[in-house]
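Work through the two exercises below with the sequence and the coordinates at hand, and settle each step before reading its solution.

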There are 2 protein chains.
Amino acid sequence: MLAFPAVISPTASQKGQQTKAAIIDAALGLATHIGIEGLSIGAVADIAQMSKSGVFAHFGSREELQISVVREYHARFEAEVFFPALSVPRGLPRVRALFNNYISGAVEFDDRPGPVRDALASSVRTWLSAMTRAMEQAKECGDLCADADVTQLLFEIHGLILALHYDARFMKTAGSVQRALTGFEHILAAHISRPAP
Amino acid sequence: MLAFPAVISPTASQKGQQTKAAIIDAALGLATHIGIEGLSIGAVADIAQMSKSGVFAHFGSREELQISVVREYHARFEAEVFFPALSVPRGLPRVRALFNNYISGAVEFDDRPGPVRDALASSVRTWLSAMTRAMEQAKECGDLCADADVTQLLFEIHGLILALHYDARFMKTAGSVQRALTGFEHILAAHISRPAP
């Protein structure tokens, strides 16, 4: 991290925000392993190498800590998966970006119980909507066949992501990211517009 | 249920087995809604319209009840999904039967926490192994192309099942069984051996 020059040293409030962000970061990392239900002020203090009272000063309750972690998860999902894809040109490039960003980032966060699952379900809905729009645009601009069934494509593509999550969680087989990418290209290949001969 | 003629009325032991089976059946139905962790002697007595002590006479503990339910789940999975498919001829017919039996039966039981999830994971592994064998056989008998990548096919097909489960749980969209079947035919179509022209 860049040091602040002494003349514009951070205020106490800025330092507090940095500490709070560092705690949330540590808590999010912990939540990917034990689930958000397992998060407690004490457990987070341990891995953030702080006192319990230090963590408590930033989060008045375990629930507030958990809510902050879920909010951070949403923010990262949007920043890593969603927004970068929207800066890619419409059509197949954006469809591919949405898929690639998702499978390269979200594997760790698939299926924890409770609030994290709810947060995930909400992020998945955001992603499914964005992918639907991206595929409709790909049809409009002629990248995908005019008769491509977007609902069917979305179902099949979502299946690949779920299979990847399942492999990551239960099977631990090597090469599953490549299998998801190969499956994605299989699905697209059946619907890509060919130039007239 | 057929009535027993009085001359061969069931023994006390047979009646006990029938009662126990009826309790497990009720408990399994309840577990699909609340998860197996939520099963208790009291809750099961309620839906089986029995006294708690009546249920307790058949299952000495909550854990024993839960284990019986998981065992029953396995048995039904094998009876409804697995064994019927093995009586269908090898090749694509058996591949299709394994897929169709799974998606028409197992939707309710996808992703409960705890022992039911473990039971499911075990059943899914059984199914994935059976599907792998069925596809290898389909290659051997010439139904599928000799160069079909069975691991890739399995990944894609499993994805369809997971997408169906996801839809059933979160999206509640109509037509998802049909989408799974359509996706399955898309995957097979790319790998079915064509007769030489």
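**Exercise 1.** Determine how many residues of chain B are in contact with chain A, and describe the side of chain B that touches chain A.

*Solution.* Taking contact as heavy atoms within 4.5 Å, 26 residues of chain B meet 26 residues of chain A. This is a predicted model, in which local features need pLDDT of at least 70 and side-chain atom pairs count only at pLDDT 80 or more, whereas totals for chains, interfaces and linings use all residues. Residues are numbered from 1 along each chain as written, chains are lettered from A in the order in which they are written, and side-chain values use heavy atoms, without hydrogens and water.

Next, the area: the two chains bury about 2300 Å² between them, 69% of it on carbon and sulfur atoms, where buried area is the accessible area (1.4 Å probe) lost on being put together, summed over both parts. B:Phe155, B:Tyr166 and B:Arg179 supply 28% of what chain B buries against chain A, more than any other three residues.

Finally, the rule finds 0 salt bridges across this interface, a salt bridge being a side-chain nitrogen of Lys or Arg within 4 Å of a carboxyl oxygen of Asp or Glu.

**Exercise 2.** Establish which residues A:Glu156 is in contact with, leaving aside neighbours within four places in sequence.

*Solution.* A:Glu156 lies in helix H7 (residues 150–171) of chain A, helices being DSSP runs of H or I with at least four residues, numbered from the N terminus. Its contacts are A:Ile187, B:Leu160, B:Thr182, B:Gly183 and B:His186. A:Glu156 is buried without a salt bridge, and B:Arg179, the nearest side chain of opposite charge, is 8.9 Å away; buried means under 20% relative accessible area (1.4 Å probe, protein chains only), and in assigning charge Lys and Arg count as positive, Asp and Glu as negative, with His and the chain ends not counted.

Note on methods: Helices (H or I, at least four residues) and strands (E, at least two) are DSSP runs, numbered from the N terminus. Buried means under 20% relative accessible area, exposed over 50%, partly exposed in between (1.4 Å probe, protein chains only).
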